[in-house]
Amino acid sequence: MDPSKDGSECRGSLAQCSRAVMTALCPSNHSDLVQKLSSSWKPILAKAAPNRPNDPATSPSALSASVLKTTLFNVYSSPEKGAEDSPPEYTPSPTSLTIEPEEMALIAKSVEEVAKLMVKDEKARQNVGRQLSWIDTSCVLMHLRNSIFVIFGSGKNGVACSSRARELTVLTSAHFLLIRNLCANVPANQIRSCDAQVYESAEEIIQYLVSWIITTRKNPCVQVQDQALACVNLGVQMIANMMTGNQDVMNCLWPRFVGESDMLKQLLEMNEPTTTHYVFMIIYNNVHKDLSRSLALVRGRYGCHLVKGLLRGAKECCHDEGTTFDIIYLIFVNLIELHLTPAVMEVMYKYGSRPDRTSLLTIEHITFLKLLDGLIDVRQREDGVFINLGTDTLRYMVKPLKRLVLHIIESLQHHEQIRRRIAANNSASSFGSPSGSPVLPHPEGQLPYVQVAPPTTPPPHSPASPPTMNGSRSHSNSSTGRASAEAGEAAAAAAILRNPIMISEIDTEGLSLLLQIFGRMSSDPKWSAPLRVALSSDGLIESVILLVKVVPRVRRPTQLSPTSPNNASADPSASACSLSLVPPMKTEAVRVIGNVSYGCQCVQDEVRRLGGLILVLELCNYDESNPYIREHAIFAIRNLCEANTENQNVIAQLEARKATLDVERSSGDVEAVLDESGRVRLQHRAGQQQQQQQQEQQQGGGWNALSDALRDVDMSGP
């Protein structure tokens, strides 16, 4: 320092250096950006109604109800008004903007410039958010909302003035962009925007524009519609940025969006891929690792519809390359890990499908079970761990499985009743449908339907026509007509006896997935004995053993061949898929029996008591329709006999009964015959076969006893 200079000059130099350093370290506080926004808003705040959002007369909730009812879609609600009508002259509303479109464009440009300057500058977002009047921001959005209510929903193409509508959507989009950028990764701005309730006006703007877009798709004003969709997407992004990463804001707004407002539901119903993706991101950010918000999703008034939309989206985009399916998958992984599987299943029983469905499960159930099964498989195969579903979830999953098995048993009993009725009646045509293709419905109006080949009777005008609706019958002395009727009766009865029972495609797939899930989960060696006993007491083992007994008689229904609408001459094997095309339910059932009985004597004894031990033993032979069932059966026998002397004794006694069959065969009660495939089969002689059928009919109460046993267990879930 030069000693000739006085102290004041030295202090001045130091001050200049200090200001230079502070300027370099601490840039501008961005007050110029705040001033630019305030200047842009003056025309809006001055020319619109001066009320603030906290005034009861002009609050979003007070205005929207009356304005929406009087202005929304008045053109499209009346058949006398249409696209040919001339648009009415635009008249500004006291609550709407009176700014010209050119001035709207200048304001939008100014706001958009400020918004873009803050994209990569977090400090600017913090400074502007701290100085900005968020009440003015909310008031501007409210006035924009009121103007949208007035301009949209009337006129030739759904808008009162095209130019004003375009500029209004651009101006609204600019403000959505501004708030979106201000809230990005700045918790203080997220809280400020929430306190100012900017989401209320934004939510109503989004809902109104979505309804307008859906309604005007048949006669759109293309430019306005595209800009309206862009405005909706920016509004959704704005709400997403307000909530993301801020627990306080999410706890405040999430209950609103799943319990009070149907905005997210409407956005999914619009079925726009980009918008749907944004909605899924909002859902994921809110429910991730948070039990309370996840419960709100599956139990909220509108949250249940979001779950349905998620499952529908998973089904539609599962084969597409993109992140949408990954987001959906992560949402349900979160719900599963939070042990909310029962809640999701219950939601789908109520909202998953139309109330007139004929299957026990819904398509949404199938999609969710596929996601669950995929998660279990990935964790076991790639991570080498077993996912913890929780005891309550596993015990709940027994209920739909048990209900499906009981449904099959009831269907088989119904099939048997039909067979007996046909045998008892002289005319199978008494069950015919007006179309000529007899369809015998379940008494409760549910599937399965037993499709019967129609009798080969002449047309209705012939003497052998079927009964009329009042029960009268056309009489004829023609022997040819009687012969044809008798042939038709015999054909119908033979078809009933020949065709296996049919259950719906959805229930078949659902039952297979449930068995597969239990098969994977029960292979965990860490399963405790109390858990195995609990599942067995809930009816898992009993249902699975019963399913193994009846599954050969079950197949899925398919549509009749178009070449033979009445299916009169179609081959029975062509009228439905053979069991080899159905997922191997029997193999999975045997796998469940073997895995659950591992190291648990109570379950081993239960299997023996229900006759499952001998049943599994009979499956140790090769079955071409289930190639791997032999290995699973052998493994199941090993687990059933381990440290269980009673089960071992049962098998030892069965081995001594081989000579009984030889003696019976040598006595002439059985004979060897060639079947249609050229293989040698043993069968009882004619008299013995009839006697055996009579014994089976006398013992038919066994099915009723087993089904009654299933009924005794709680079925309240499905």
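## A buried arginine

Let's start with one residue: Arg293 sits in helix α14, which runs over residues 291–299. Keep in mind that this is a predicted model.

Is Arg293 buried or exposed? Its relative accessible area is 3%, and buried means under 20%, so Arg293 counts as buried.

## Who Arg293 meets

Leaving aside residues up to four places away in sequence, Arg293 touches Gln247, Met250, Asn251, Trp254, Asn286 and Val287. With Gln247 there is something extra to look at: the two side chains share a polar contact of 2.9 Å.

## A look at helix α4

Now hop over to helix α4, made of the 17 residues 101–117. From its first C-alpha to its last, helix α4 reaches 25 Å, close to the 24 Å expected at 1.5 Å a residue.

Which residues of α4 are buried? They are Pro101, Met104, Ile107, Ala108, Ser110, Val111, Val114 and Ala115. Here's a handy bit of background for reading that list: an α-helix has 3.6 residues a turn, so residues three or four places apart point the same way.

## The whole chain

Zooming out, the protein chain has 31 helices and 6 strands. It has 718 residues, and 47% of them are buried.

As for contacts, take those between residues at least 6 apart in sequence: 77% of these join residues at least 24 apart. On the outside, the protein chain exposes about 35100 Å², with carbon and sulfur atoms supplying 52% of that area.

Technical notes
Residues numbered from 1 in each chain as written. Predicted model: local features only at pLDDT ≥ 70, side-chain atom pairs only at ≥ 80, totals over all residues. Heavy atoms only, no water. Helix = DSSP H or I, 4+ residues; strand = E, 2+ residues; numbered from the N terminus. Expected span 1.5 Å × (residues − 1). Buried < 20%, exposed > 50% of the residue type's maximum accessible area, 1.4 Å probe, protein only. Contact = heavy atoms within 4.5 Å. Areas by Shrake-Rupley, 256 points an atom, 1.4 Å probe, with all protein chains shown as cover. Polar contact = N/O pair within 3.5 Å; in protein donor to acceptor, adjacent residues only side chain to side chain.
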